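Let's take a walk through this structure and see how its parts meet. Have a look at it first, and then we'll go step by step.

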Amino acid sequence: MPCTTILVGKNATYDGSTMIARNDDAGGNDHFTPKKMIVVQPKEQPRVYKAVLSSVEIPLPENPLRYTAMPNAVEGKGIWGACGVNEARTGMTATETITSNPRVLGADPLVENGIGEEDIVSLVLPYIHNAREGVQRLGELLETYGTYEMNGIAFSDQNEIWWMETIGGHHWIARRVPDDAYVVMPNQLGIDAFDLDDAFTMQENHMCSADMREFIANHHLNLSMDGTLNPREAFGSHDDADHVYNTPRAWYMLRCLNPHTYNWDGPDADFTPESDDLPWTLVPERKITVEDVKYVLSSHYQGTPYDPYGAYGDPGQRGMYRSIGINRNDFVGLVHIRPEHGEDANVLEWVAYGSNAFNAMVPFYAQVEETPEYVANTTAEVSTDNFYWVSRMIGAMADASYKKSVFHVERYQEKVLSKGHEIINHYDKLLEKETDAGKRMALKTEANNAVADMVKKEAADTLDKVLFELCGQMKNAFARSDA
């Protein structure tokens with residue numbers, strides 16, 4: 001099970017934006033999943049969608065919207081659009097693989113020929129105009145066609161973020177992320193409180209499938225003693241594997257963003273890496289930045305005994321928990337919907353490829369007709385001509401020469417983030433003065449190309465440095481002074 005997600009409400013971010021971000025990870029250690037960033041035009045969207053994995057066929061609405069996507073670069077296993085933003089300034093990330101339990105899966109079995117992660121962005125993002133519509137459209141698809149896997153999906157617009165979790169083959173719940181809070185999700189069904197009354201009346205903060213009350217009652221799924229609904233208890237899992245693979249990641253993200261709210265360490269800790277009752281949502285101790293999101297999604301338990309690169313504590317604890325920034329990260333995508341800068345320029349999509357512990361994240365204007373070659377031309381062939389494979393090479397070499405290379409990576413990451421902000425700030429000011437739609441599109445395209453050119457130069461320089469450090473550790477190293 002891959003992926004880690006963080007969602008940040010507009011009153012919890014540094015600039016009043018909504019931010020949804022997710023690491024997209026390969027499903028196993030036996031392959032890479034090369035990715036690319038593209039724009040899908042309305043004319044390229046089919047009128048009947050046919051899944052590759054399940055072969056389900058679904059008629060699609062007319063008049064699709066233009067949208068960005070992060071599909072697989074290698075054809076043959078489906079689209080896997082992963083995340084993106086459409087021209088109505090609505091974002092989504094799909095999906096976070098989540099867990100369930102035998103009671104749920106026995107009551108509503110998964111559907112072998114249903115829809116899944118491969119399909120969801122293509123089926124939903126071109127046809128929605130806000131986050132709520134995203135929940136509603138995907139809910140209808142789930143109830144009609146079913147799904148063959150358990151997934152969590154985030155939708156965002158300028159005002160709201162909604163988190164949706166599938167329940168068995170056809171059921172689902174969704175909860176609005178509080179504006180002043182953030183949510184962390186680590187491959188485990190996460191929502192820990194749900195108001196069915198709101199879901200069946202005003203739907204201010206909760207939505208669900210039409211027969212959810214009957215489904216819960218008929219199959220005795222609610223495990224609470226007081227009648228309230230905790231979906232994590234009712235629909236999720238608390239397996240031993242969760243305590244190694246899932247809960248530690250949530251613990252570390254919460255520990256980073258709320259370091260003083262609870263005691264996270266030691267024998268008297270309020271929460272540990274193996275706690276089943278970690279909060280799904282918290283109000284952060286300070287407002288959250290893009291850099292904070294990148295940091296927690298890159299983490300490998302720095303500052304704890306569990307860091308696989310650590311040099312203190314019990315050696316037996318190093319690497320005992322699944323890190324967030326791992327070798328199997330394919331990319332991280334952050335949809336950043338800002339409250340300013342004009343409707344055609346207020347959405348940024350921040351992207352990094354490869355292992356998050358070693359990669360660098362850059363911003364692109366999302367309301368464009370095409371993306372730069374450096375982020376769009378990924379193929380199955382390893383090449384230094386694209387951001388994906390260069391990032392893979394930097395990660396592998398820096399990992400193998402960690403002590404020598406880590407400072408090169410840190411400088412690379414900070415420089416690229418700084419220059420990314422600088423370029424966007426410059427073009428935001430130019431866009432404030434320009435009213436012509438064609439010229440505004442040209443400015444956004446120019447900005448994206450400037451970002452791509454910048455990161456291409458910095459990535460090549462960093463690759464050169466970590467390659468040199470790794471070569472210095474070769475077993476056949478020898479100089480005349482060694483004689």
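## Where two domains meet

Start with the salt bridges: 4 of them are counted between domain 1 and domain 2. Keep in mind that what you're looking at is a predicted model. One salt bridge to look up pairs Asp330 with Arg392, where the closest N and O atoms sit 2.9 Å apart.

So where are these two domains along the chain? Domain 1 covers 3-357, and domain 2 covers 372-482. Their C-alpha centres are 27 Å apart. At the contact itself, domain 1 puts in 32 residues and domain 2 puts in 23 residues.

How much area gets buried between domain 1 and domain 2? It comes to about 2200 Å², and carbon and sulfur atoms give 58% of that. On the domain 1 side, look for Tyr309, Asp344 and Tyr353: together they supply 27% of the area that domain 1 buries against domain 2, more than any other three residues.

Salt bridges aren't the end of the story. Across the interface of domain 1 and domain 2 there are also 12 residue pairs in polar contact, counting pairs with both residues at pLDDT 80 or more. Which elements give two or more residues to the side of domain 1 that touches domain 2? They are α9 (290-297), β15 (329-337) and β16 (347-353). The largest share, 5 residues, comes from β16. Sort that side of domain 1 by class and you get 14 nonpolar, 9 polar and 9 charged residues.

Note on methods: Residues are numbered from 1 along each chain as its sequence is written. This is a predicted model: local features need pLDDT of at least 70, side-chain atom pairs count only at pLDDT 80 or more; totals for chains, interfaces and linings use all residues. Side-chain values use heavy atoms; hydrogens and water are left out. Domain bounds come from an automatic or database domain assignment. Contact means heavy atoms within 4.5 Å. Buried area is the accessible area (1.4 Å probe) that two parts lose on being put together, summed over both. A salt bridge is a side-chain nitrogen of Lys or Arg within 4 Å of a carboxyl oxygen of Asp or Glu. A polar contact is a pair of N or O atoms within 3.5 Å; within protein, one must be able to donate a hydrogen and the other to accept it, and residues adjacent in sequence count only if both atoms are side-chain atoms. Helices (H or I, at least four residues) and strands (E, at least two) are DSSP runs, numbered from the N terminus. Ala, Val, Leu, Ile, Met, Phe, Trp, Tyr, Cys and Pro count as nonpolar, Asp, Glu, Lys and Arg as charged, and the others, Gly among them, as polar.
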